[in-house]
Amino acid sequence: MANKLVKFEACIALLVLIMQIGCVKDRNFDKPEESCALGLEPNSTFAEVKGLYEDGTIKIQDDLIIEGYVVSSDEKGNFFSSLHFQDSPENPSEGFQLDFDIRDSHLFYPIGSKIYLKLKGLYLGKQQGVYKLGGVFTSFGNLSVGRLPANIVPQHLFVSCDEEVSLIPVEAQIDRLDDQMVNTLVQFEDVEFIEEELGLPFADVEEETERTLIDCDDNDIVLLNSGYSDFQSSMLPDGNGSVVGVLLRDNSGFKIVVRDLDDIDFQNERCAEVIDEFTSNSIFISELADPNNNSGARFVELYNAGSTGLSLKGWTLIRYTNDNTEISSTIDLTGYEIGAERTLLISPNASEFEAVYGFAPDLAVGTNSPADSNGDDNLQLVDPFGTVIDSFGVIGEDGSGTDHEFEDGGAFRRPEITLANATFTFSEWVIYNDTGASGTINQPQNAPENFSPGSR
């Protein structure tokens with residue numbers, strides 16, 4: 001009897017094991033059985049649909065159908081709950097983004113498949129300058145485009161029975177992108193990751209991460225990566241080459257997202273280093289203004305006495321207030337160029353400057369900046385390499401009652417001076433103020449008649 005009971009229990013155990021094995025789900029899912037749409041024809045274009053948008057998110061009421069070609073894929077996890085498609089497999093003129101609640105959408109809508117989208121009942125919106133289609137999301141009574149529920153997607157999105165096609169990415173240049181290229185497949189050539197990011201992974205764990213691509217002319221664009229992607233921990237490749245991806249955009253600018261690492265092909269040598277920071281002793285402070293009648297009309301004028309223009313990338317103008325030996329404020333001059341025998345005018349109050357002098361300054365900065373001195377402060381002009389090129393005043397010495405006071409007046413570089421001087425030299429200047437101390441001229445100056453901004 002005991003033996004029969006043991007055998008019975010063994011049989012039961014074996015049966016349970018067989019049932020458990022049979023219930024284990026295969027993690028390698030097959031592509032779903034193909035189901036394609038017949039008889040659908042587009043009756044609208046991407047541009048016509050975008051033209052429906054006015055000032056806010058709208059619900060599309062007309063029986064409109066558009067067709068497109070899928071350019072994104074969530075297979076490697078770098079896209080999530082969105083489908084990006086363009087209006088042609090090559091040379092597209094428009095792209096769109098559809099937000100939905102579907103995982104593993106690449107199994108249903110593979111790259112290169114033609115899709116039809118029935119728009120009636122969908123919402124059209126514009127977020128950070130980008131058109132989107134999807135469901136609706138309401139917050140405090142405001143409508144915006146949200147994800148289309150998974151059970152609703154089959155009522156709007158259909159796959160054509162046509163074979164998947166090869167997509168030809170648009171050859172793009174980082175400095176020549178436009179909004180119509182958003183949500184289309186683009187390709188950048190001769191790009192590389194910036195040197196500061198080499199050795200980093202594509203993304204931080206579980207965080208959307210921006211990495212920077214740069215071309216050989218120093219133009220850059222963000223490569224956006226998901227911290228949940230399959231290649232999150234892969235190291236950024238060295239070298240130079242091509243990147244293919246979907247072009248996106250937000251308020252901070254254009255971005256590109258790759259589908260997988262096959263979209264990156266770096267086999268070339270990195271770009272030669274571009275030298276775009278220069279020094280020169282032909283650039284100097286030529287005029288300082290603290291008008292007696294209007295403190296809002298203060299300014300600093302820089303002058304380039306050289307025969308060629310010069311980029312001011314990396315240059316700074318520094319102020320030491322009163323007798324301070326620590327920097328009080330700084331103006332970054334990067335992004336500006338000063339032409340040959342030309343001036344650069346810096347104002348702490350651009351509207352007042354223009355009202356007083358009749359034209360706008362080249363650079364508008366804030367109050368308490370180096371351009372907003374009340375006449376007893378000290379200034380230095382510093383090149384990209386940290387070298388002081390020109391100075392006004394003596395660091396650590398309050399200008400009041402000295403030969404570098406220009407309170408209620410102005411300081412004018414003598415016209416015969418054509419080179420900067422890192423050490424303040426009184427003989428190079430004509431200085432007006434309200435004291436006349438130490439060889440200065442006791443003659444307060446009024447704006448605009450006593451000043452000559454932009455004229456050397």
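Start at proline 448, in the segment after strand 29 (441-442). This is a predicted model. Show the backbone at alanine 447 and proline 448: the peptide bond joining them is cis, with omega of about 5 degrees.

Next, step back to the loop between strand 28 (429-433) and strand 29, and select serine 438. Serine 438 is not a glycine, yet its phi is positive, near 55 degrees. Add a surface: serine 438 is partly exposed, with a relative accessible area of 47%.

Then select aspartate 408, found in the loop between strand 26 and strand 27 (410-413). Aspartate 408 is another residue to check for phi, which is positive at about 60 degrees although the residue is not a glycine. For context, most residues other than glycine have a negative phi, and most peptide bonds are trans.

Strand 26 leads to the sheet. Select strands 21, 20, 25 and 26: in that order they form an open sheet of four strands with antiparallel pairing. Which strands stand at the edges? They are strand 21 (329-332) and strand 26 (388-392); each has a single partner strand, so one side of each is left without a neighbour in the sheet. Look across the strands for the twist, which averages 15 degrees from one strand to the next.

Finish at one end of that order, with strand 20 (residues 316-320) and strand 21, which pair in the antiparallel sense over four bridges. To place one bridge, select threonine 316 and aspartate 332: aspartate 332, in strand 21, is the bridge partner of threonine 316.

Methods:
Residues are numbered from 1 along each chain as its sequence is written. This is a predicted model: local features need pLDDT of at least 70, side-chain atom pairs count only at pLDDT 80 or more; totals for chains, interfaces and linings use all residues. Side-chain values use heavy atoms; hydrogens and water are left out. Two strands pair if DSSP finds at least two bridges between them. Helices (H or I, at least four residues) and strands (E, at least two) are DSSP runs, numbered from the N terminus. Axes are lines fitted to C-alpha atoms, for helices over the stretch in contact, and angles run from 0 to 180 degrees between N-to-C directions. Buried means under 20% relative accessible area, exposed over 50%, partly exposed in between (1.4 Å probe, protein chains only).
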